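I opened the notebook to go through one model by topic. Ring contacts come first, then the pocket, the record and the backbone.

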Amino acid sequence: MTLKEFEHFSVLVAVKYELLCAPSKSVVFFTVNLLAVFASVRRSKHSFIRRIMSVNLRSVFAFAKEYHQKKESQKDIQYGTAGFRSHADNLDYVMYRMGVLAALRSRAKASQAIGVMITASHNPEHDNGVKLIDPLGEMLEQRWEKLATDLVNVPDNELEAQVAKICEDEQIDNNEPAKVFVGMDTRYHSPQLSGAVVNGILALKGTVINFGIVTTPMLHYFVTCTNTQNAYGLPTEEGYMNKLITAFKALRGESCVQGNYRNQLFYDGANGVGSLKMLGFIKKLNGALDVKVFNSNGKINFKCGADFVKTNHRVPEGLPEEALASGRCCSVDGDADRVVYYFTDDEGVFHLLDGDRIATLLAGYLKDLIGQCGVQLEMGLVQTAYANGASTDYIVNQMKIPVSCTRTGVKHLHHKALEYDIGVYFEANGHGTIIYSDKAKQAIQVASRDETRTDEQRKTAARLLQFVNLTNETVGDAISDMLLVETVLHAKGWNLVDWLASYTDLPNVLEKVNLADRNVITVTDADRVVVSPEGLQDSIDEIVLKFPKGRSFVRPSGTEDIVRVYAEADTRANATQLAFEVANLVFDRAGGIGSRPVKMELFRSGIAMFWGFCEGLNFVQEYKKILPDDEPLPERLDILLFGSGDPRHILAIAAQLFLHPELKVNVYLAEGCIELLARHMVLLAIAFEDPQLLSVKGKTHLFLDIYGNNLIRPFSSAYLSSKAKELTNVITDQEYGLQQAPIFNYEALRYKERDQLENVFRFWTNAPEHVFNIARYWEDRLRAQLGVRYDHRHGAFDWDLQMRLRENGAKQVCPQEYKHWRETGIAFTFPEYEQSDPNKTFAVGLVRNGKGFLHRGSVGDNMTGPYIAFGQKCAEEKLSHSKHGVNDFRSTDVSERNVLQIMYEIQERHPYCFNPKDIHQFGSHQLDTGKNLNKHDARTELLEAVHYNKPLLGCDNLTVHFLSVEDVLRMHELDRFAAKFDMVFVASNYFDLLKDGFNSVWKDNCLLCFETRQLTVFSKKEIKEHNDKIKAYAQKQSLAAVTNFSINKTHSVLCYKQISNK
């Protein structure tokens, strides 16, 4: 055996021996280091004790190489406010190295205890993470965050040298003791990762105290207690619980009910460690607080927990039915370091009380106590830029408490709070606490014993001391914060309605923008002001000025290439619009990638762009109506579809163009989402497919399937996969595109948008990693939308159909088809087909993620349905016949007839003659729609279809121009669109995007068609409000009405004519 081999062998034996000797709660080191023994033979001048206790840094590399190797494929990661977080499978080597760093940190801090917490907090169960806790319970010093990042990212063969560099730079003596506390959450992979941390500590001969499963705040508490020689409390779980419960009971007093306050709390434990520890608290509370724990034994953070409630603005799954009627509820996250409150009122409306609310509640109560006991202390409240502006206004102007704003991240709030005698800090997500200076504690202590003060003042000071003891000052603590909130609500006699009434939040929106490099954006002034790119902040300020009570800022992520855009304003619509405009500005100025930001609030509200809410219009015929009787059509018509959502208008024009062979029609398609352009392409491709590949009826059913069904036939999915490959070639090879799709013109698309289209088409192909479980997403949205009404959803569906949709004029829609669509997302069903495969054309926000893709799940309309465009009217009146409110034909049957006509006339170039045998008649029948697939049964992988690569049918007098998504916002600024269009169609959900200069794109005598919300589930009041906005806009632009408003009828489109200036 060579000396080098012997060294490696001796290190492993030494460390393994230490592991065998390590008990679960403490480690007593008695290590025989064979390398030291071997060296002693050669260097007898060293003392034996010194050799036994010395650390050989080669052991760090040896153990890493043997057990915790870093793969070459591992990407660099960065230590942030939350430490390191990633998929658990990628963290073994990270944990080991963080154990090494913890031992070094302890020695650098004079052998004080350092904490290592293994948790991914509110992340999904498959993730995990690790972060270090400094001696007084603080987050790791920022300078050491860089050391952590560097240490984790070096290859194994440089690990020893990196450790040696840290020791040299920080002057660490590895002969000094090192003490490290380790804790973990309840994730199934936490014990294994904890073992890796312990191995790292032992590799540097550190002492480990493993506390097992604890909340993150508990470990912070243990570290602080130990390093203050128990002055802060006993560093045990029992000590932690007793300190909080003793203070809580003292503050609670004898009565548990006061005013509107009731002694019952529903506690969502997020299926994490917070639920386990609360069950222990309940036993010790002895009824002082009646806590009902739910979500205590499932998948951590899955559809539950503080982050889920805050992000989705809805109650978690598992909430007991008795809590729905104004029950006081709270949710913690997976490691119990954040908490939010909420309730559902008598009308079923959800109300959230987040970290901003908690901060104002606690600060106001503290201010009252300080004033009552007569102690002179400076109190301040620390917020981040994400705090709601209404809360800041309330704190400063109503409560008269100073507010400081600091950078996002708990460490920044914590350090800022230290500047006050009493510093209150909370993030909106529910993470926060209160810090009391030594001066404050001493002053309150003296006041509680000061005989010159009144009895009431002394009692108040004593109460304030108990409030201090109830606070975990080391870090945000969900359990401590919850007990503080309960104390204040009890003292004030408030329920959550009383608490909510203190002020009204401003509507706010948070969106994300994907960038090629997040470092392009730098910020200052507590993340509120952009420094670079130069001029970006000025442009943001200009946009903000347009909105009452507007505020917006952008902040780059610390861990991934995204920028978050926050916006708030006086109304939800204005906040949404503000976020939309700023997000698009950032996308343009900072190198956005993937899909351009879209108005996601429109999707969430059920008004999407996957289909329209008016019938398909043949704009050639509509334009003829405004011409004098003796005036012929011009030789060319340029038509702008501003957010049509589907190709219904294009198809209606194309089907009848054989009647006007001398007319050239250019349709310009403007959509704010790249995936919608791709969807237009494939739906148009179906209509223009070579008849040798698809029959007219085959095209009809294929079109309806992809157009309106969440789950589609295997044939449809195979077609989509094949056509996606063909369309990829069309947009990437100009010459090939002209040959294969002569009606498409995509010259206006930027190269990066063509790349994005290519990604969309790639996602549509059938590959195992291209997962889109839309059936599950649809159900999740439905549950979130209906909330407590979900169990009675069929009644809700029936009300929406009968009292809204049919009452508003969409009478062709039948109950059985509508209810089936609301339940499953499958609108068009026929007895001969069964839908089983996900319709990937409904995926938006696609971003490449390795071989797979990230997306926004299920968005779009899930209340009105895809029945309006083709399923309301047709030439045969008998198809609209009904008896006692029961239709002879479904909207599906009418859609089949109308689409069949379109497909026939595009292909054959002459008029269609209706044949009743061509369509189905199932108006009054309850169809057996086949197996309603369970959301987990939806197929994701299919056999490939035949190759659909024949040239599409030509139409010499029609061209469809696909505009850049950037044109949606900037069209009025671009010279190429000046006085361009003879006709303009504006979708109902794009009306708010119209700019002041939009009229610059109209020609004289331009026909403008505004889609209304008539044929939707909107209320009559909402429909009227939207119509009034259209009429006000028309009046402002001096447009002449074409629609005859004197006729007492409903209108799905309002038409106006631009008055000529000549």
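**Aromatic pairs**

I looked up ring contacts in this predicted model. I found 43 aromatic pairs in the structure.

I took F181 and F211 as one example. Their ring centres are 5.2 Å apart and their planes stand at 70 degrees, so I logged the pair as edge-to-face. The cut-off for that label is over 60 degrees. I then asked where the two residues sit. F181 is in strand 4 (residues 179–184) and F211 is in strand 5 (residues 207–213), so the pair ties together parts 30 residues apart in sequence.

Are these two rings buried or exposed? F181 has a relative accessible area of 2%, so I put it down as buried. F211 comes out at 15% relative accessibility and also counts as buried. The limit I used for buried is under 20%.

I went on to F991 and Y1033. This aromatic pair is edge-to-face too, with 5.7 Å centre to centre and 75 degrees between the planes. F991 lies in the loop between strand 30 (981–986) and strand 31 (1002–1011), while Y1033 belongs to helix 35 (residues 1020–1036), so the contact ties together parts 42 residues apart in sequence. I noted both F991 and Y1033 as buried.

Which residues do ring pairs link into a cluster? I listed F610, W611, F703, Y707, W778, Y818, W821, F828, F842, Y867 and F870.

**Charges over rings**

I checked lysines against ring faces. K492 has its charged end over the ring of W494, at 4.8 Å from the ring centre. K840 lies over the face of F763, and here I read 5.6 Å to the ring centre.

**Second largest pocket**

I turned to the second largest pocket next. I noted a space of about 1,400 Å³. Its lining has 45 residues. Those nearest the centre are E615, G616, L617, E622 and K873.

Which elements supply at least two lining residues each? I wrote down helix 23 (619–626), helix 24 (648–656), helix 33 (891–908) and strand 33 (1053–1058). Helix 33 gives the most, with five residues.

I sorted the lining by residue type. The split is 15 nonpolar, 20 polar and ten charged.

**Domains in the record**

I read the UniProt record, an unreviewed entry. For "domain: Alpha-D-phosphohexomutase alpha/beta/alpha", UniProt lists residues 112–146 and 175–226. I looked at each stretch in the model. Residues 112–146 are 14% helix and 37% strand, with the end C-alpha atoms 21 Å apart. Residues 175–226 are 48% helix and 25% strand, and their end C-alpha atoms are 21 Å apart.

UniProt also places "domain: Phosphoacetylglucosamine mutase AMG1", again from an unreviewed entry, at residues 235–340 and 354–494. Over 235–340 I noted 34% helix and 13% strand, and 27 Å between the end C-alpha atoms. Over 354–494 the chain is 56% helix and 14% strand, and the end C-alpha atoms are 17 Å apart.

**Backbone**

I checked peptide bonds and phi angles. The bond from S532 to P533 is cis, with omega near 0 degrees. P533 sits in the loop between strand 17 (529–532) and helix 20 (536–544).

Next I looked up positive phi in residues other than glycine. N301 has phi near 65 degrees. Its loop runs between strand 7 (291–294) and helix 12 (306–312). N301 is at 12% relative accessibility, so I entered it as buried.

A979 also has a positive phi, of about 45 degrees, and is not a glycine. I placed A979 in the loop between helix 34 (967–970) and strand 30. A979 reaches 44% relative accessibility, so it counts as partly exposed.

**One distance**

Last, I checked D268. It belongs to strand 6 (residues 265–268). D268 is buried, with a relative accessible area of 0%. How many Å separate the C-alpha atoms of D268 and A796? I read 27 Å, for residues 528 apart along the chain.

Definitions and conventions:
Residues are numbered from 1 along each chain as its sequence is written. This is a predicted model: local features need pLDDT of at least 70, side-chain atom pairs count only at pLDDT 80 or more; totals for chains, interfaces and linings use all residues. Side-chain values use heavy atoms; hydrogens and water are left out. On a 1 Å grid over the protein atoms alone, a cavity is a set of points where a 1.4 Å probe fits but cannot get out, and a pocket is an open set with protein on both sides within 12 Å along at least five of seven lines; lining residues have an atom within 4 Å of a point. Grid points are joined across faces, edges and corners, and a volume is the space filled by probe spheres set on the points. Helices (H or I, at least four residues) and strands (E, at least two) are DSSP runs, numbered from the N terminus. Ala, Val, Leu, Ile, Met, Phe, Trp, Tyr, Cys and Pro count as nonpolar, Asp, Glu, Lys and Arg as charged, and the others, Gly among them, as polar. Rings of Phe, Tyr and Trp (its six-membered ring) pair if their centres lie within 6.5 Å; planes under 30 degrees apart count as stacked, over 60 as edge-to-face and the rest as tilted. Buried means under 20% relative accessible area, exposed over 50%, partly exposed in between (1.4 Å probe, protein chains only). A charge sits over a ring if NZ of Lys or CZ of Arg is within 6 Å of the ring centre and within 35 degrees of the ring normal. UniProt positions are given in the numbering used here, feature names are shortened, and annotations may be inferred rather than shown by experiment.
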